[in-house]
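Subject: Handover of a structure and notes on its contents

Dear colleague,

Please find below the structure that I am handing over to you. My notes follow it.

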Amino acid sequence: MNKLLERANPGVRALEPYEPGKPIEELERELGLTGVIKLASNENPLGPSPEALRALGNLDDLSVYPDGNGYRLKSALAQRHGVDIDWITLGNGSNDILDLMSRLFLTPERAALFSQYAFAVYPIVTAAANAEARVAPAYAADHSMPLGHDLAAFAELLDDDVGLVFIAQPNNPTGTWLTPEQITAFLEQAPAQIPVLLDEAYYDYLGEQYRIEGPELIRRFPNLVVTRTFSKAYGLAALRVGYGISHPAIADLMNRVRQPFNVNSLALRAAEAALADQTHIQASVQMNREGREWWKQQLSELGLPVLPTQANFVSFDTGRSADAVFQAMLRQGVIVRSLASYAMPTYLRITVGSAGENEACLAALKTGLEETND
Ligand SMILES: *Cc1c(COP(=O)(O)O)cnc(C)c1O
């Protein structure tokens with residue numbers, strides 16, 4: 001068996017698997033209790049639009065392959081973004097688009113460039129492509145955007161051997177963000193032949209003053225690819241659907257390597273209905289804004305430094321082993337996220353939940369902190 005395993009792609013053999021948030025059912029099974037609260041995976045506490053649920057209603061077509069071209073959803077997205085349909089690539093979650101882009105542009109000779117403390121999927125798709133990861137040091141903890149992307153550091157590492165740049169706006173797990181001016185200045189500087197992927201998984205939670213006009217910017221910089229997802233504000237994480245907006249020539253390349261039916265029928269129709277219900281998005285964003293402010297206030301009262309955030313989570317320094325606090329909170333039936341796997345061993349990330357979830361989580365956090373005081 002060892003000889004066989006040695007022949008596996010070396011990039012894959014060396015990589016650490018993605019660590020998902022602990023499922024509610026798993027903890028309930030382990031503790032033998034019910035009513036576990038999970039604020040670990042940045043899901044929408046309101047769930048999806050009722051329209052999306054209604055759209056799932058008729059299951060008569062489960063024996064039939066989905067529309068492999070995703071025509072209806074792509075048309076709706078194209079209209080929403082003011083682009084032609086051939087600018088849109090659908091993915092099985094936006095992670096699928098990250099993977100497609102890495103398969104298109106990363107090789108053992110062409111490196112990926114991303115920030116320290118950036119989203120965990122970037123190093124995974126990079127390793128799978130046997131590509132080098134160039135990690136730009138993040139801003140220091142005492143910077144005004146602590147642990148955020150430093151695009152000047154990116155620029156220093158950007159040369160012709162870079163195959164793909166990943167920028168998360170805002171970033172997970174930090175919640176930090178860039179201004180549209182910073183992003184535009186970076187694109188002006190970046191060579192036109194190097195693709196830049198702007199990951200906007202948390203777009204709806206981003207303050208309006210920080211949002212870029214994706215399509216407009218792509219017209220100016222055709223090397224820019226923007227990704228979005230239905231997993232976060234749209235509340236459809238279970239169905240796995242996301243998309244890329246890009247120059248049609250890049251979309252055409254992605255279309256060549258994607259799985260023929262990468263987005264299933266239920267996901268296609270729920271996403272289409274969810275997209276049409278912007279009232280639900282506004283309600284979700286409003287609820288998040290209030291919950292986020294509440295968390296910042298509570299954490300600062302506890303004297304725990306919170307990273308600036310424009311997402312639907314707060315990440316903060318517990319000043320001790322985050323794994324220990326995480327475990328103590330698990331014992332109380334509350335699942336959050338330790339950022340030890342992100343080389344932030346004292347940080348916890350908590351998704352902004354409903355008011356009730358937030359209160360219960362705060363109580364568990366306080367107990368967890370008491371139990372881990374040294
Ligand atoms: C959650 C997340 C994604 C994508 O998730 P999908 O469910 O695959 O769409 C992408 N980027 C970041 C930064 C995320 O946090």
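A polar side-chain atom of Tyr202 lies 2.6 Å from an oxygen atom of the ligand. Please bear in mind that this is a predicted model. Two further polar contacts involve oxygen atoms of the ligand: a polar side-chain atom of Asn172 lies at 2.8 Å, and a backbone N or O atom of Asn95 at 3.0 Å. On its own the ligand has 390 Å² of accessible area, and the protein covers 94% of it.

The residues that surround the ligand are Gly93, Ser94, Asn95, Phe119, Asn172, Asp199, Ala201, Tyr202, Thr229, Ser231, Lys232 and Arg240. Sorted by class, this shell comprises six polar, three nonpolar and three charged residues.

Asn172 also takes part in an unusual piece of backbone geometry. Most peptide bonds are trans. The bond from Asn172 to Pro173, however, is cis, with omega near 20°. Another cis peptide bond joins Gln169 and Pro170, where omega is about -10°. Pro170 is found in the loop between β5 (162-168) and α9 (180-189), and Pro173 is likewise in the loop between β5 and α9.

The phi angles deserve a remark as well. Most residues other than glycine have a negative phi. Tyr117 has a positive value, near 65°, and so has Ala343, near 60°. Are these two residues buried or exposed? Tyr117, in the loop between β3 (111-115) and α7 (121-128), has a relative accessible area of 18%, under the 20% limit, and is therefore buried. Ala343, in the loop between β11 (337-338) and β12 (347-351), has a relative accessibility of 55%, which is over 50%, so Ala343 counts as exposed.

Next, I turn to helix α12, which covers residues 265-276. What span should its 12 residues have at 1.5 Å a residue? The expected value is 16 Å, and the C-alpha atoms at the two ends are 17 Å apart, which agrees. At the N-terminal end of α12, Asn264 acts as a cap, with a side-chain oxygen 2.9 Å from the backbone nitrogen of Leu266.

Nine of the 12 residues of α12 are buried, so the helix is largely enclosed by the rest of the structure. The buried positions are Ser265, Ala267, Leu268, Arg269, Ala270, Ala271, Ala273, Ala274 and Leu275. The elements against which these buried residues pack are α4 (50-56), α5 (71-81), β2 (88-91) and α13 (278-301).

Finally, Lys38 may be of interest to you. Lys38 is in strand β1, residues 37-38, and is buried, with a relative accessible area of 18%. Which side chains make polar contacts with the side chain of Lys38? One is that of Ser41, at 3.1 Å, and another is that of Glu43, also at 3.1 Å. Leaving aside residues up to four places away in sequence, Lys38 touches Gly21, Lys22, Ile24, Glu43 and Ile335. Glu43 thus appears both in this list of contacts and as a polar partner of the Lys38 side chain.

With kind regards

Notes: Residues are numbered from 1 along each chain as its sequence is written. This is a predicted model: local features need pLDDT of at least 70, side-chain atom pairs count only at pLDDT 80 or more; totals for chains, interfaces and linings use all residues. Side-chain values use heavy atoms; hydrogens and water are left out. Helices (H or I, at least four residues) and strands (E, at least two) are DSSP runs, numbered from the N terminus. The expected span of a helix is 1.5 Å times one less than its number of residues. Buried means under 20% relative accessible area, exposed over 50%, partly exposed in between (1.4 Å probe, protein chains only). Contact means heavy atoms within 4.5 Å. A polar contact is a pair of N or O atoms within 3.5 Å; within protein, one must be able to donate a hydrogen and the other to accept it, and residues adjacent in sequence count only if both atoms are side-chain atoms. A residue is near a molecule or strand if one of its heavy atoms lies within 4 Å of it. Accessible areas come from the Shrake-Rupley method with a 1.4 Å probe; for residues, only the protein chains shown count as cover. Ala, Val, Leu, Ile, Met, Phe, Trp, Tyr, Cys and Pro count as nonpolar, Asp, Glu, Lys and Arg as charged, and the others, Gly among them, as polar.
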